[in-house]
Amino acid sequence: MTRSLAPRPPWTVRVASFSAAHRWPVIAVWFAASTGLFGASLLAGGTAAENAIVNDSRPRYESGRAYDTFNASGRQDPGQRLFLVVSSPGGTVDDPSVAAAVSDIATRAAALESTVDGAIVPSLEEVLDPLLAPPEAGLVSPDRSTVRIVARVPGEGSELDARLAAVPSFVEELRASHPGFRIHALNNSLANDDISRLVNEDLDASLRTTIPLTFAILLLAFGAMVAAFVPLVLAVTSLLAAFGVLGLYSQYVAPVSPYAGQLVVLIGLAVAVDYSLFMVTRFRTERARRDKPAAIATASSTAGRAVFFSGLAVMISIAGLFLLDDPLFRSMAIGTISVVFISVVGSLTFLPAVLSILDRGINRFRLPVLGRPREEGSGPWGRIVRATMRRPALSFVVSAAIMLAMASPVLRLHLGQTDFGSFPDSIDGVQALNLMNEKWPDGSTLQLQVVVTRADEPATRPAIDELSRRILAIEGMSGPVDEQRSRDGSVAMLSYVMSGGQNDLVNRAIVREVRGTVVPEVFGPLAGVEALVAGDAAYTADVIGFYEAGMPLVFLFVLALSFGLLLVAFHSVVIPLKAILLNLLSTGAAYGLLVLVFQEGWAADALGVKPGVIESFVPIFIFTILFGLSMDYHVFILTRIKEARDRGLDSTAAVERGISITAGTITSAAAIMVAVFAVFVTLELAIIKQLGFGLAVAVLLDATLIRSVLLPASMRLLGDWNWWMPRFLGWIPRVTIEGESDEPEPGEDGDDEGGDGGVSEPDGAARRPRLDAPARV
């Protein structure tokens, strides 16, 4: 007699059941691993981050090859420039009192001393008194109210830091001695130190704001304090572990982007809480009608598998960033992928263990008003969906027109690179730069540099002179021309002053003209002579070109991934195509609003935004993250729609039911993401503001207009064509995202879900046996 074997449960159920059975060891291991990773990174030295403002000197850019070529024969003595900007609001340098103050400041700067390796040395060298310099040096502003005292800070590394340590207090002393003057210092290292402090302060501020705000939203969603607290525990421990991974990577592989930590918080807090929301909600629903082990098993088979699928989609989508050969970009991807991976692992192990301990205690400290049950689909989203289904064509056209109108400003998108001027005015270097740009409108610190090889040969000298003549004849370019030689004298670096900023389109056009026309015409006849164009504007042009060339590859990777995952999950070509188009619509709208606010200044004062350019990597980062995150909502909704249809409902009824009953959970999940992302708009750094704003807007549109109008309207119009699959693709396996559950549909025997805290969440595929039963993942 053959014994009938029960089907083996999905691996998520086996993992969750093991974690629940060994709850205390699992929790102990989780806390030990998360805090241990964080502690190990601290012992290794913390997170080593690159400077926020730095020119990449690697040879993939022409500007990088230029510096490599100049330094190939031996670097000049290392050091940095420092500018002391002194301005008299009520006088000029022709006034004896103003001239005396400027001379005093220059004299005291030359006498400033620092301690380096136990020895007293001058902090600054080659201090140039602007009143003694020739007029062509341009150290006195055209209106003669402001001067630039230029100095050199010798050394690098710890020596450079030791010499610069005395500068901030020295500037404060100067301000105290000359209270009627505006005095600011501009130096690359000092400004980057200020930016690093600002990044850390913003990171602390974001956590202080987002964690209480997230708890409040969870409290509204669950109606119970314990249930609202559990997701935060997973989120905080996931963040600690991800910070540990990022820190160890930065110490043993390569320094990371200065924004990597903030991105870990930005993405990690959102996904960790969202995944917990789905798991805890499902457990509470199941626990109301069955025993604890069965409730944990069902939650892990349905919500747990959906979390795994969604997390996998997010990680693979972000992995598309590895297609771009950029170490800093790679570090941001590693940080975000790490926190998503850790959140998924915690959802499938730590959460079942915690739920096994708490059991019905998850509902403790219930708030009576928030904890009342409500009928599925009875909320405002259900009414909106039903109204949309009655007039699908009109609803689709109007909503699509609104989204396209919001997306239209993307045609004016101007990508750029962060410069000092884009940072908050609280940084002294930013105030110095703003003052110089105001007083020297023809240019002050922005340089176009040309590195010329074989400069010591007689035939090259006339060409160098002709190069300077041609460049100075271009509108926006000026002198004085500064020529430096490499240590062996064979390579020359010529520096010219550019007006405006490094992100100006005019300066980008100048770079193209010099590279494409001037250099070939001047040096083309000279065999073996190479001329490479560098400088901030050239570097910005190189970076923008790099991202513009790489974007299509990343976009294609993410779109192909999204199509493939949804094709396998729903066995339809229409569903993934429509999901991709709707996601592109929400992404385009986010880009358009990003241009309106951060580039053109709409509501800039209210949001504390300094209008400028859109950071070069922000659009591609938003795209990859959004496509991963939006997969959550589409998967959860479409799973319930397909489930209802497989049970016998017609296409219209299945769409209405699937969208209506998922509204509670998805609204709560979207509210958490939008709230977390929106908090980052309140921070000081422009890049983080742009990322937070773009993601908040995209998720908001995706969870409201897309989900409640465009998705049901399009599915209503397409009807059964939604599930069309060409015969030649019939070999593709059927794979369910969520497991089986015996939850009844309305009209069947049993209780409806959704009673706990007014939150419902999507669950599994069809419950009744089918001939085309899908394979389990």
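Which handedness, left-handed or right-handed, does the crossing of α8 and α9 have? Let's start with that helix pair and then move on to the sheets.

## A pair of packed helices

The crossing of α8 and α9 is right-handed. In this predicted model, helix α8 spans residues 225–252 and helix α9 spans residues 260–287, and the two pack at an angle of about 145° with their axes 8 Å apart.

On the α8 side, the residues that take part include Val 230, Leu 234, Leu 239, Phe 243 and Leu 246. They meet a set in α9 that includes Val 264, Gly 268, Leu 269, Val 273 and Arg 284. By class, the residues of this contact divide into 17 nonpolar, 3 polar and 1 charged.

## How far to trust the model

The average pLDDT of the protein is 84, and 90% of the residues score at least 70. One stretch calls for care: over residues 745–777 the pLDDT stays under 50, although the model has 116 contacts beyond four places in sequence for them. Where pLDDT is low, the predicted coordinates should not be read in detail.

## An enclosed strand

Strand β5 covers residues 146–154, and 9 of its 9 residues are buried, so the strand is largely enclosed by the rest of the structure. In a regular strand the side chains alternate between the two faces of the sheet. Here Thr 146, Arg 148, Val 150, Arg 152 and Pro 154 point one way from β5, while Val 147, Ile 149, Ala 151 and Val 153 point the other way, and all are buried.

Two strands pair with β5. Strand β1 (residues 79–87) does so in the antiparallel sense over 9 bridges, and Leu 84 has Ile 149 as its bridge partner in β5. Strand β4 (residues 125–128) also runs antiparallel to β5, joined to it by 2 bridges, with Glu 125 opposite Arg 152.

## A four-stranded sheet and its helices

Further along the chain, 4 strands form an open antiparallel sheet in the order β9-β10-β8-β11. β9 (477–485) and β11 (531–535) stand at the edges with a single partner strand each, so one side of each is left without a neighbour in the sheet. From one strand to the next, the twist averages 20°.

β9 pairs with strand β10 (residues 492–498) in the antiparallel sense over 6 bridges, and Arg 485 stands opposite Ala 492 in β10. Helix α3 (residues 62–71) packs on this sheet and touches β8 (447–452), β9, β10 and β11, its direction making about 110° with that of β11. Helix α18 lies across β8, β10 and β11, running at about 95° to β11.

Within α18 (residues 536–570) you will find Thr 540, which is buried with a relative accessible area of 0%. Beyond its neighbours within four places in sequence, Thr 540 is in contact with Gln 417, Gln 502, Asn 503 and Arg 508.

## Backbone details worth a look

Most residues other than glycine have a negative phi, and most peptide bonds are trans. A cis peptide bond joins Gly 479 and Pro 480, with omega about 5°; Pro 480 lies in strand β9.

Asp 117 has a positive phi, near 55°. This residue is found in the loop between β2 (113–116) and β3 (119–122), where Asp 117 is exposed with a relative accessible area of 80%. Glu 126 also has a positive phi, near 55°. Glu 126 is found in strand β4 and is exposed, at a relative accessible area of 60%.

Terms used. Residues are numbered from 1 along each chain as its sequence is written. Side-chain values use heavy atoms; hydrogens and water are left out. Buried means under 20% relative accessible area, exposed over 50%, partly exposed in between (1.4 Å probe, protein chains only). Two strands pair if DSSP finds at least two bridges between them. Contact means heavy atoms within 4.5 Å. Axes are lines fitted to C-alpha atoms, for helices over the stretch in contact, and angles run from 0 to 180 degrees between N-to-C directions. A crossing is left-handed if the near helix is turned anticlockwise from the far one by less than a right angle, and right-handed if clockwise. Ala, Val, Leu, Ile, Met, Phe, Trp, Tyr, Cys and Pro count as nonpolar, Asp, Glu, Lys and Arg as charged, and the others, Gly among them, as polar. pLDDT is the predictor's confidence in each residue, from 0 to 100.
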